[in-house]
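The report below follows one set of charged side chains and then turns to aromatic rings, helix packing and the overall fold. Please read it alongside the sequence and the coordinates.

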Amino acid sequence: MNTNRLSKTIQQALNDQMTKEAHAAQIYLSYGAWCDSEGYGGTANFLFRHAHEERNHMMKILEYILKRGGKPTVTAIPAPPADPESLHQCFEKVFQHEVDNTTAIYALVKLSFDEQDWATWNFMQWFVKEQTEEETLALDLLDKLKIAGGEKADVDMLYNLDRELKDKPDDATLAQEVTEEKP
Ligand code: OFO
């Protein structure tokens, strides 16, 4: 009797996404290590916390495959990309990474829709919302750096920005949470 409620294609796609989340954690770890080695300890702290979040995303998918009667396969994680050359480039890479991840999440949503696997479609909605939040967070980093002067930001500006990031909340406010009283 087949007790796996996931099709082969969906299970494979979920498994690939699980590895992508582990890869994302490595990317944040690696950028965090670069930041710290360059003296941006506050930004490193923010990125290390984010690496932890990505591992949680990985665990959610692993657990989902198991709970649907499937079998996750833990594979090797690709190496993170090369170090950034500046804080500005680091934030750009973070933003681009999140956009790429959103594309992968949307592909999984579409696949589950096409297969009429509503359980997986429903599960993936959590990730759709999470990606909106993570793109907002990454855009916010770029905005803050833009105000500080972008590539031309001076040492004082970068110092203050770095300190601010140490305590930056891990969650962004989404548009649907906004009210007139709390824009
Ligand atoms: Fe950075 O997000 Fe996972 O899914």
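In this predicted model, K168 and D140 form a salt bridge in which the closest N and O atoms are 2.5 Å apart. This pair links distant parts of the chain, since K168 belongs to the segment after α5 (155-166) while D140 belongs to helix α4, 28 residues apart. The two partners can also be described by their accessibility: K168 counts as buried because its relative accessibility is 10%, and buried means under 20%, whereas D140, with a relative accessible area of 25%, is partly exposed.

## The salt-bridge network

D140 also forms a salt bridge with K144, where the closest N and O atoms are 4.0 Å apart. Here both residues lie in helix α4 (residues 118-148), and they are four residues apart, about one turn of the helix. K144 counts as partly exposed, at 23% relative accessibility.

K144 in turn meets E164 through its side chain, in a salt bridge of 3.1 Å from N to O. K144 lies in helix α4 and E164 in helix α5, so this pair ties together parts that are 20 residues apart in sequence. E164 is partly exposed, its relative accessible area being 42%.

The pairs described above are set out in the following table.

| Salt bridge | N to O distance | Separation in sequence |
|---|---|---|
| K168 and D140 | 2.5 Å | 28 residues |
| K144 and D140 | 4.0 Å | four residues |
| K144 and E164 | 3.1 Å | 20 residues |

Taken together, D140, K144, E164 and K168 are linked in a network of salt bridges. The structure as a whole holds six salt bridges.

## Aromatic rings

How many aromatic pairs does a search of the whole structure find? The search finds five aromatic pairs. In one of them, the rings of W34 and Y40 have their centres 6.4 Å apart and their planes at 40°, so this pair is tilted. Both residues of the pair are on the buried side of the cut-off, W34 with a relative accessible area of 9% and Y40 at 17% relative accessibility.

F113 and W118 form an aromatic pair of the edge-to-face kind, with 5.6 Å from centre to centre and 80° between the planes. F113 is partly exposed, with a relative accessible area of 48%, and W118 likewise counts as partly exposed, at 43% relative accessibility.

Y64, F123, W126 and F127 form one aromatic cluster. A charged side chain is placed at one of these rings, for K60 lies over the face of W126, at 4.7 Å from the ring centre.

## Packing of α2 against α4

Two packed helices are described by the angle between their axes and the distance between the axes. Helix α2 (residues 41-67) packs with α4 at an angle of about 170°, and their axes are 12 Å apart. Angles over 145 degrees count as roughly antiparallel, which means that α2 is roughly antiparallel to α4.

On the α2 side, the residues that meet α4 are F46, H50, E53, E54, H57, K60, I61 and Y64. Their counterparts in α4 are A119, T120, F123, W126, F127, E130, E134, L137 and L141. This list includes K60 and W126, the residues of the charge placed over a ring, and it also includes Y64, F123 and F127, which belong to the aromatic cluster with W126.

## The N-terminal segment

T3 is placed in the segment before α1 (8-37). T3 is exposed, with a relative accessible area of 54%. When its neighbours within four places in sequence are left aside, T3 is in contact with R68 and G69. The C-alpha atoms of T3 and K60, which are 57 residues apart along the chain, are separated by 20 Å.

## The protein as a whole

The protein has five helices and zero strands, and from the N terminus on its elements run α-α-α-α-α. Along the principal axes, the C-alpha trace spans about 65 × 45 × 20 Å. The protein has 183 residues, of which 44% count as buried. Among the contacts between residues at least 6 apart in sequence, 80% join residues that are at least 24 apart.

Key: Residues are numbered from 1 along each chain as its sequence is written. This is a predicted model: local features need pLDDT of at least 70, side-chain atom pairs count only at pLDDT 80 or more; totals for chains, interfaces and linings use all residues. Side-chain values use heavy atoms; hydrogens and water are left out. Helices (H or I, at least four residues) and strands (E, at least two) are DSSP runs, numbered from the N terminus. Buried means under 20% relative accessible area, exposed over 50%, partly exposed in between (1.4 Å probe, protein chains only). Contact means heavy atoms within 4.5 Å. Rings of Phe, Tyr and Trp (its six-membered ring) pair if their centres lie within 6.5 Å; planes under 30 degrees apart count as stacked, over 60 as edge-to-face and the rest as tilted. A charge sits over a ring if NZ of Lys or CZ of Arg is within 6 Å of the ring centre and within 35 degrees of the ring normal. Axes are lines fitted to C-alpha atoms, for helices over the stretch in contact, and angles run from 0 to 180 degrees between N-to-C directions. Angles under 35 degrees count as roughly parallel, over 145 as roughly antiparallel, 65 to 115 as roughly perpendicular and the rest as oblique.
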